Amino acid sequence: MMKLLLLAGLILAGNSWAMSKPYDAEATAVMKDGKPCFYLKTPIEGDTPDYLKGQGVSAEVFNETQHRYMWKSWYKTTLKTPPTSPQTCISYGTKSPDKNRMLALPLTNDTAYIFDMFGEYGRNRLYFCIKKDAQGKDYLSKSGPQANCSTDPL
């Protein structure tokens, strides 16, 4: 009986672990100069935790539909001004002085994308699409893990 309970506990624990998100917090974005500009919703407080120190900061956009990266950039250390507001956001395609793993490719409308920022700021993610409004102006809309673009603005 004890072995059966232990086995059931391990199965339940394994299933709950598999269901966890691949990120810690959600990022967000605004359109700035015709392209997405990303920032963190969660304020950055104090020093970088010891377990994250030395990782630097990666910022990247992945095309969910074509399963390919559109932009990948890495900073050796945290940024002088943390990206925590529309005023301090990181624009799509910004070149890092440290390492550009992939320069930005053009983004297309009605395509599901994932923005990830990880490293010394933790793991942050945003699912998004670029849509056109009734006047033909680009705006950012919500997307989800199933690569579905909605018309709901971010």
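# Exercises on strand pairing and exposure

β1 and β8 run parallel, and 2 bridges join them. The model behind these exercises is predicted.

## Exercise 1. The overall layout

Task: state how many helices and strands the protein chain has, and in what order the elements run.

Solution.
- Step 1. Count the elements. The protein chain has 1 helix and 9 strands.
- Step 2. Put them in order from the N terminus. The run is α-β-β-β-β-β-β-β-β-β.
- Step 3. Look at burial. The chain has 154 residues, and 38% of them count as buried.
- Step 4. Look at contact range. Take the contacts between residues at least 6 apart in sequence; 53% of these join residues at least 24 apart.
- Step 5. Add the surface. The accessible surface is about 9600 Å², and carbon and sulfur atoms account for 56% of it.

## Exercise 2. The surroundings of β8

Task: find which strands pair with β8, and give the sense and bridge count of each pairing.

Solution.
- Step 1. Start with β1. It is joined to β8 by 2 bridges, in the parallel sense. Here Ala25 faces Asn124 of β8.
- Step 2. Move to β7, residues 113-119. β7 and β8 run antiparallel, with 5 bridges between them. Met117 has Asn124 as its bridge partner in β8. Tyr113 lies opposite Phe128 of β8.
- Step 3. Move to β9, residues 138-142. Its pairing with β8 is antiparallel and covers 5 bridges. Phe128 stands opposite Lys142 of β9.
- Step 4. Join the pairs. Asn124 is thus a partner of Ala25 and of Met117. Phe128 faces Tyr113 and Lys142.
- Step 5. Check the burial of β8. The strand is largely enclosed by the rest of the structure, because 8 of its 9 residues are buried. Buried here means under 20% relative accessible area.

## Exercise 3. One strand further

Task: follow the pairing from β7 to β3, and say how covered β7 is.

Solution.
- Step 1. Take β3, residues 57-63. It runs antiparallel to β7, and 7 bridges join the two.
- Step 2. Pick a partner. Ala59 is bridged to Met117 of β7. Met117 also has Asn124 of β8 as a bridge partner.
- Step 3. Check cover. β7 is mostly covered, with 6 of its 7 residues buried.

## Exercise 4. Turns and positive phi

Task: locate the residues Gly122, Gly136, Asp33 and Asp110, and give the phi of each.

Solution.
- Step 1. Take the hairpin of β7 and β8. It has 4 residues between the strands, and Gly122 in the turn has a positive phi of about 90°.
- Step 2. Take the hairpin of β8 and β9. Here 5 residues lie between the strands, and Gly136 has a positive phi near 85°.
- Step 3. Recall the background. Most residues other than glycine have a negative phi.
- Step 4. Turn to Asp33. It is not a glycine, yet its phi is positive, about 55°. It sits in the loop between β1 and β2 (35-40). Asp33 is exposed, because its relative accessible area is 77% and the cut-off for exposed is over 50%.
- Step 5. Turn to Asp110. It is not a glycine either, and its positive phi is about 60°. Its place is the loop between β6 (99-102) and β7.

## Exercise 5. A pocket beside β1 and β8

Task: describe the second largest pocket by its volume and lining.

Solution.
- Step 1. Give the volume. The second largest pocket holds about 160 Å³ of space.
- Step 2. Name the lining. It has 11 residues, and those closest to the centre are Glu26, Ala27, Leu126, Tyr127 and Leu154.
- Step 3. Assign strands. β1 (25-32) and β8 (124-132) each supply at least two lining residues.
- Step 4. Sort by type. The lining divides into 5 nonpolar, 2 polar and 4 charged residues.

## Exercise 6. Thr77 in its loop

Task: decide whether Thr77 is buried, partly exposed or exposed, and find which residues it touches.

Solution.
- Step 1. Place it. Thr77 belongs to the loop between β4 (68-75) and β5 (90-91).
- Step 2. Classify it. Thr77 has a relative accessible area of 47%, so it is partly exposed.
- Step 3. List contacts. Leaving out residues up to four places away in sequence, Thr77 touches Gly56, Val57 and Glu120.
- Step 4. Compare sequence with space. Val57 is 20 residues from Thr77 in sequence, and their C-alpha atoms are 6.3 Å apart.

Definitions and conventions:
Residues numbered from 1 in each chain as written. Predicted model: local features only at pLDDT ≥ 70, side-chain atom pairs only at ≥ 80, totals over all residues. Heavy atoms only, no water. Buried < 20%, exposed > 50% of the residue type's maximum accessible area, 1.4 Å probe, protein only. Contact = heavy atoms within 4.5 Å. Areas by Shrake-Rupley, 256 points an atom, 1.4 Å probe, with all protein chains shown as cover. 1 Å grid on protein atoms, 1.4 Å probe; cavity = no way out; pocket = protein on both sides within 12 Å on 5 of 7 lines; lining within 4 Å. Points joined across faces, edges and corners; volume = space filled by probe spheres on them. Nonpolar A, V, L, I, M, F, W, Y, C, P; charged D, E, K, R; others polar. Pairing = 2+ DSSP bridges.
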